[in-house]
Amino acid sequence: MEQLIQQLVNGISLGSIYALIALGYTMVYGIVKLINFAHGDVFMVGAFIGFYSITVLHLGFFPALLISMVACAIFGVLIERIAYKPLRNATRIAALITAIGVSLFIEYGTIYIRGAQPEAYPSNIVPLKSLEIFGVKISGQSILILAVSLCLMIILQFIVHKTKIGKAMRAVSHDQDAAKLMGINVNNTISATFAIGSALAGAAGVVFGMYYTKIEPLMGIIPGLKAFVAAVLGGIGIIPGAMAGGLLLGVIEALVSAAGGSLFRDAVAFVVLILILIFRPAGLFGKNVREKV
Amino acid sequence: MRTKTQLLKVENAGIRFGGLKAVSGVNLELLQGELVGLIGPNGAGKTTFFNLLTGVYVPTEGTISLAGEKLNGNKPYKITKKGISRTFQNIRLFGELSVLDNVKVAYHSLAKHSIFSSIFRLPSHFSGEREMEERAIEFLKIFKLDNVQHEMAKNLPYGQQRRLEIARALAANPKLLLLDEPAAGMNPQETDELMNLIALIREKFSLTILLIEHDMNLVMGVCERIYVLDHGQLIADGTPEEIRNNPKVIEAYLGEEVS
Amino acid sequence: MKKLNNAKGFWGSVVLAVVFAVVVQFLINGGTLNPFYVNALFSIGINIILAASLHLIIGITGQFSIGHSGFLAVGAYVSAIITMKLGLPFPVAILAAGAAAAVAGLVIGVPTLRLRGDYLAIATLGFAEIMRIVFLNIDYVGGASGMTVSHLITWPWLIACVAITIIIIVNFTNSTHGRACISIRENEIAADAMGINTTYYKVMAFVIGAFFAGVAGALHAHNFYIIQPTNFGFLKSFDILIFVVLGGLGSMSGAVLAAILLTIISTFLANYPEVRMVIYSLVLIAMMLFRPQGLMGTKEITSFFKLGKSAQGGSQDANKNTVA
């Protein structure tokens with residue numbers, strides 16, 4: 001029983017990282033209908049920026065987190081402006097191929113610049129005490145991850161629902177042309193969406209580094225894909241769906257590991273994906289939309 | 001005289017999307033050889049009704065039958081094989097295929113050669129393809145499209161694209177042809193030509209036609225009977241003359257001229 | 001008349017291919033081609049099969065599948081089991097590899113091909129990952145360290161497989177069945193309304209494509225001495241995808257040319273893998289930005305030769321009637 005709860009806690013920690021990444025996928029998909037394959041690599045870049053901020057600039061955890069988020073936001077906007085914006089009216093396949101190209105470019109560009117060797121994340125940067133509740137040990141890292149994710153998600157909800165830019169984002173994702181007619185600057189709104197999504201991915205990169213203590217240039221691929229699965233699971237384009245999907249996926253993975261299937265852990269996400277696409281393609285929170293004929 | 005057997009019978013058909021009733025309680029009958037119009041204000045559910053007939057949407061209520069055979073729940077391609085073929089409001093040609101190939105696609109269900117015989121180029125492949133090609137060329141002549149048969153469909157001018165779409169729909173050998181706003185975007189002269197074309201194919205193929213159209217001149221000019229749809233329900237049916245003077249119809253169009 | 005030209009072109013190509021095959025065989029026997037070039041030639045052949053098979057799925061039928069390495073993996077492992085564990089001859093392995101991959105294609109295709117566009121892409125990607133992880137966890141096939149496989153591939157087997165793949169896919173494409181697939185690519189709703197059983201043809205294209213990817217897997221396994229799950233990751237799918245995209249979605253000769261070109265380039269960049277990937281990705285992005293239809297668009301190479309001859313009849317006809 002304790003073992004089970006322990007696994008659940010691990011699952012929730014991992015799941016909240018998926019959720020942070022999934023938010024970026026879902027927001028971008030909601031607004032430009034593009035699977036931003038490069039999103040997992042923004043996450044990787046975020047992890048490295050956090051790493052260098054801590055080891056080279058000797059900053060604390062929170063300044064490093066902040067720097068990483070800001071840098072990723074800028075990076076995300078650059079990607080959008082350079083690679084995606086010219087393709088806004090192109091076919092979906094062309095946009096998807098471009099996204100794959102951008103993703104590979106970031107991965108192998110990073111390897112080209114700094115090599116493929118992994119780095120060990122400094123884990124003692126924040127003094128963390130583990131917590132023991134009813135015999136279940138919750139590590140400091142888990143608490144930190146949960147706290148950071150929770151704060152960021154609350155801030156995101158605030159931005160999306162209470163601020164002008166959030167309203168603009170919702171308007172553009174609902175109907176781009178109508179939003180334009182109402183005087184909303186669609187280009188800036190899309191850029192803002194990329195900025196916010198990428199900042200969240202950057203934060204996820206830093207906490208991922210803290211949790212797993214190892215980062216490398218191709219680390220973004222699998223968490224990126226799984227986060228996308230989480231976004232689809234929750235219903236792509238739906239922000240609370242991405243949060244729930246991420247947590248759920250993390251918990252499912254942890255439970256499969258606990259049940260002895262740890263070798264197949266990485267396959268679980270994809271099985272979940274195929275099942276959800278077949279049985280409920282709109283996701284848990286989504287409504288089925290039909291193509292207009 | 002035309003035979004007066006019943007071809008299409010729609011009883012109480014409707015569909016809801018979530019809580020929204022897009023079309024409900026539609027009763028409609030078409031007799032063999034009739035040319036009937038379906039009109040109604042924007043958003044009345046006309047195209048949705050076509051989608052019900054062709055199987056794009058599955059009706060959530062009622063039944064649709066063609067020549068006595070129930071169609072509900074069949075996939076679109078099966079309904080096409082059973083004898084309902086259509087054109088689309090927003091033209092849906094196979095842009096990167098030639099005009100000839102567009103028509104050949106509609107002949108696909110008649111193909112006698114299997115994938116196996118095509119892959120290994122057995123004699124049945126050649127005879128089957130030749131037969132299709134000859135039929136398609138003959139067919140394009142009727143529509144005066146034979147001179148552009150090797151053009152890609154996407155490169156045709158608008159009027160010809162509309163004509164090709166009708167040709168393609170007819171090539172599928174339907175008993176009932178559904179035309180969804182065939183005159184949309186046409187100038188008066190093109191519309192006239194279209195009316196002649198519709199009259200011609202109706203004679204030639206002894207077809208039954210159901211036509212959605214906004215151009216009242218066209219509808220009133222060629223249709224024998226007209227159904228009026230508003231808010232997803234039929235509000236009137238009758239001859240053009242009756243429809244013109246029906247107060248409900250005038251109200252539905254809310255001041256839009258019906259004549 | 002057209003059919004006659006058609007047949008002439010077909011037999012002409014066959015004769016050319018045979019002559020080419022015999023000449024290369026002599027060059028190999030005579031030692032004129034050193035092992036490095038022979039190896040490159042084998043890689044080119046395998047990649048042509050992969051490009052042609054994915055071309056049928058993406059280029060012709062318009063189903064955006066990015067998990068082709070999954071079928072390659074199935075073919076490679078099944079063929080390796082047959083020759084190494086069961087001791088059966090190589091041709092049996094090739095056929096069994098194709099059949100196993102085709103079954104995998106059927107199993108994955110039936111449920112996922114209902115999905116459109118990017119959802120299908122992700123589902124096929126997921127399938128390939130699942131296959132990789134499954135092979136990683138089966139001890140019978142060596143787990144992460146993989147399987148050693150004898151080098152059974154020979155030039156005649158390779159060129160025969162390449163030729164058969166191309167002929168079958170081109171013959172399929174240039175028939176009413178191929179037109180049905182193209183009509184799905186062009187407008188699925190209209191294809192359905194014209195009486196095309198869209199699900200059947202999507203699955204069929206998927207199964208045929210998977211079959212040949214499996215054949216390529218058998219050749220791959222018996223060319224590289226060892227197969228490991230890491231050979232069949234997302235990057236491998238991407239390598240195949242770029243052949244099809246670069247060559248021009250819908251152009252068989254484009255895909256084949258791109259496969260030849262890129263295999264040569266990557267052979268020379270073999271010692272600089274990350275440079276290769278940086279260049280690949282930049283090419284891909286630039287291609288989408290400036291020439292999204294690929295090098296050849298939907299045209300075939302033969303249309304350039306026939307252009308002069310049939311200038312009056314309309315040139316588009318030419319590319320639809322070529323056989324090989």
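**Exercise 1. What distance separates the centres of domain 1 of chain B and domain 2 of chain B?**

Start with conventions. Residues are numbered from 1 along each chain as its sequence is written, while chains are lettered from A and ligands numbered from 1 in the order in which they are written. This is a predicted model: local features need pLDDT of at least 70, side-chain atom pairs count only at pLDDT 80 or more, and totals for chains, interfaces and linings use all residues.

Step 1. Chain B splits into domain 1 (1-83 + 174-259) and domain 2 (93-169). Such bounds come from an automatic or database domain assignment.

Step 2. Taken over C-alpha atoms, the two centres lie 27 Å apart.

Step 3. Nine residues of domain 1 of chain B are in contact with seven residues of domain 2 of chain B. Contact means that C-beta atoms, placed from the backbone, lie within 7 Å.

Step 4. On the domain 1 side, β7 (176-180) and α7 (188-205) of chain B each supply at least two residues. Helices (H or I, at least four residues) and strands (E, at least two) are DSSP runs, numbered from the N terminus.

Step 5. That side divides into six nonpolar residues, one polar and two charged. Ala, Val, Leu, Ile, Met, Phe, Trp, Tyr, Cys and Pro count as nonpolar; Asp, Glu, Lys and Arg as charged; the others, Gly among them, as polar.

**Exercise 2. Describe the sides of chains A and B that touch chain C.**

Step 1. Take chain A. 34 of its residues are in contact with 33 residues of chain C.

Step 2. Elements giving two or more residues to this side of chain A are α4 (92-114), α9 (221-234) and α11 (265-279). The largest share, 15 residues, comes from α4(A).

Step 3. By class, this side of chain A has 29 nonpolar, three polar and two charged residues.

Step 4. Now take chain B. Here 34 residues are in contact with 31 residues of chain C.

Step 5. On the chain B side, α5(B) gives the most, with five residues. The classes are 14 nonpolar, nine polar and 11 charged.

**Exercise 3. Why is helix α7 of chain C largely enclosed by the rest of the structure?**

Step 1. Apply the burial test. A residue is buried if 20 or more other C-beta atoms lie within 10 Å of its own, exposed if 12 or fewer, and partly exposed in between; C-beta atoms are placed from the backbone.

Step 2. Count along residues 176-186 of chain C. 11 of the 11 residues of α7 are buried, so the helix is largely enclosed. Among them are C:H177, C:R179, C:R185 and C:E186.

**Exercise 4. Trace the largest nonpolar core.**

Step 1. A nonpolar core is a set of buried Ala, Val, Leu, Ile, Met, Phe, Trp, Tyr and Cys residues joined through C-beta atoms within 7 Å.

Step 2. The largest has 287 residues, and A:A203, A:V229, A:L273 and C:A51 have the most contacts inside it.

Step 3. Follow A:V229. Not counting residues up to four places away in sequence, A:V229 touches A:L249, A:A269, A:F270, A:V272 and A:L273.

**Exercise 5. How does the confidence run in chain C?**

Step 1. pLDDT is the predictor's confidence in each residue, from 0 to 100. Chain C has a mean pLDDT of 86, and 90% of its residues reach 70 or more.

Step 2. Over residues 307-324 of chain C, the pLDDT is below 50. Where pLDDT is low, the predicted coordinates should not be read in detail.

Step 3. The model as a whole scores ipTM 0.90 and pTM 0.89.

Note on methods: Contact = placed C-beta atoms within 7 Å.
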